[in-house]
Amino acid sequence: MRILTFVRILRDPVRMANKNTIGSLAKGLRVIEAFTADHPRMSISDISAATGLDRATARRCLLTLHDLGYADYDGKFFTLTARVLRLGMGALAAMPLAQMVQPWLDQLSERIGQSTSVSILDGTEIVYLARAAQRRVMSIGLMPGSRLPAHCTSMGRVLLAALPADRARGVVEASDLTPRTPHSLTDPAEIMARVDAARRDGYAVIDQEVELGLRSIAVPLFSAQGRVVAAINTGVAAVQAAAADLAGLYLDPLLKVQDGLRRVLR
């Protein structure tokens, strides 16, 4: 799981020129962001190449993280420790949105007997803010802070549908479209057609595109001003319901939560 991207000032030279920013903090955050599920163990050279920092700066950042307990070091490779999760989890827990939706998620999950989640869009991915689990229907464990590709998830597609069409297409084209299952869509045009359908219908259904055996349906969550601020979904095992039946089974309960939260979200 990647750490939530809270600061990206190194990628913006205008902001870096601002005397109110701290360059060393930005470099440290850039080093943390370089660690991913595909690259959990990295050497100083790896970090230097991934971040564009010179070796001496990368070394100082890594050794600082090690000294503070945010990274382990075996003499060659660095790995992040669980302490790093405090950065993301603490921020997630403090987000008013996560606190406000959790009781609604818990009630919805109990009502329909299925797991429910709320997420936001971050780049090409969705980030889970809150979750109420009834049963585990995915091989991976989802929790606040977990990430999945936006283009092949029900919540991701309704969040993309809230963007201007050209911006949504840009996100899709920038995504890693490697198929996760035999059902995954890999043609940007086909994916955009589903995004357009979500914009028209007000919901999105996914049929085993993220993981075999999992189907889900999602709707957007609106603020009182009508702005899409997040998405909510429920996921079910494929043996429980056909994809064509999801709207009939779960759309109305999802829309009731959508309507209730619209009155309180800002």
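Strands β7 and β8 form a hairpin, with 6 residues between them. In that turn, Q208 has a positive phi of about 60°. This is a predicted model, and the hairpin is a good place to enter it.

Start with the pairing. Strand β7 covers residues 204-207. It runs antiparallel to β8, and 4 bridges join the two. One pair to pick out is D207 with R215, its bridge partner in β8.

Now follow β8 itself. Strand β8 spans residues 214-222. How many of its residues are buried? The count is 9 of 9, so the strand is mostly covered; buried here means under 20% relative accessible area.

On its other pairing, β8 meets strand β9, residues 228-237. These two strands also run antiparallel, joined by 9 bridges. Within this pairing, I217 stands opposite T234 of β9. A hairpin links β8 and β9 as well, with 5 residues between the strands. Its turn holds G226, which has a positive phi of about 90°.

From β9 the pairing continues to β4. Strand β4 takes in residues 115-122. It pairs with β9 in the antiparallel sense, over 5 bridges. S117 has N233 of β9 as its bridge partner.

These pairings belong to one open sheet. It has 6 strands, in the order β6-β5-β4-β9-β8-β7, and the pairing is antiparallel. Which strands lie at the edges? They are β6 and β7, each of which pairs on one side only. From one strand to the next, the twist averages 30°. In a regular strand, side chains alternate between the two faces of the sheet.

A helix packs on this sheet. Helix α10, residues 246-262, touches β7, β8 and β9. The direction of α10 makes about 25° with that of β8.

Next comes a pair of helices. Two packed helices are described by the angle between their axes and the distance between the axes. Helix α8 covers residues 165-174, and helix α9 covers residues 188-201. Their axes come within 10 Å and cross at roughly 140°. The two helices are therefore oblique to each other. An angle over 145 degrees would count as roughly antiparallel. The crossing of α8 past α9 is right-handed. On the α8 side, A165, A168, R169, V172 and E173 make the contact. On the α9 side, the contact residues are P188, I191, M192 and R199.

I191 also leads to a loop residue. H151 touches I191, and its other contacts include R157, L160, S175, D176, L177 and L185. That list does not count residues up to four places away in sequence. Where does H151 sit? It is found in the loop between β6 (147-149) and α7 (154-161). Is H151 buried or exposed? It is buried: its relative accessible area is 4%, and the cut-off is 20%.

Finally, step back to the whole chain. Its secondary structure comes to 10 helices and 9 strands. The chain has 266 residues, of which 47% count as buried. Among contacts with a separation of 6 or more, 57% come from residues 24 or more positions apart. The exposed surface is about 13,300 Å², and carbon and sulfur atoms supply 53% of it.

Conventions. Residues are numbered from 1 along each chain as its sequence is written. This is a predicted model: local features need pLDDT of at least 70, side-chain atom pairs count only at pLDDT 80 or more; totals for chains, interfaces and linings use all residues. Side-chain values use heavy atoms; hydrogens and water are left out. Buried means under 20% relative accessible area, exposed over 50%, partly exposed in between (1.4 Å probe, protein chains only). Contact means heavy atoms within 4.5 Å. Accessible areas come from the Shrake-Rupley method with a 1.4 Å probe; for residues, only the protein chains shown count as cover. Two strands pair if DSSP finds at least two bridges between them. Axes are lines fitted to C-alpha atoms, for helices over the stretch in contact, and angles run from 0 to 180 degrees between N-to-C directions. Angles under 35 degrees count as roughly parallel, over 145 as roughly antiparallel, 65 to 115 as roughly perpendicular and the rest as oblique. A crossing is left-handed if the near helix is turned anticlockwise from the far one by less than a right angle, and right-handed if clockwise.
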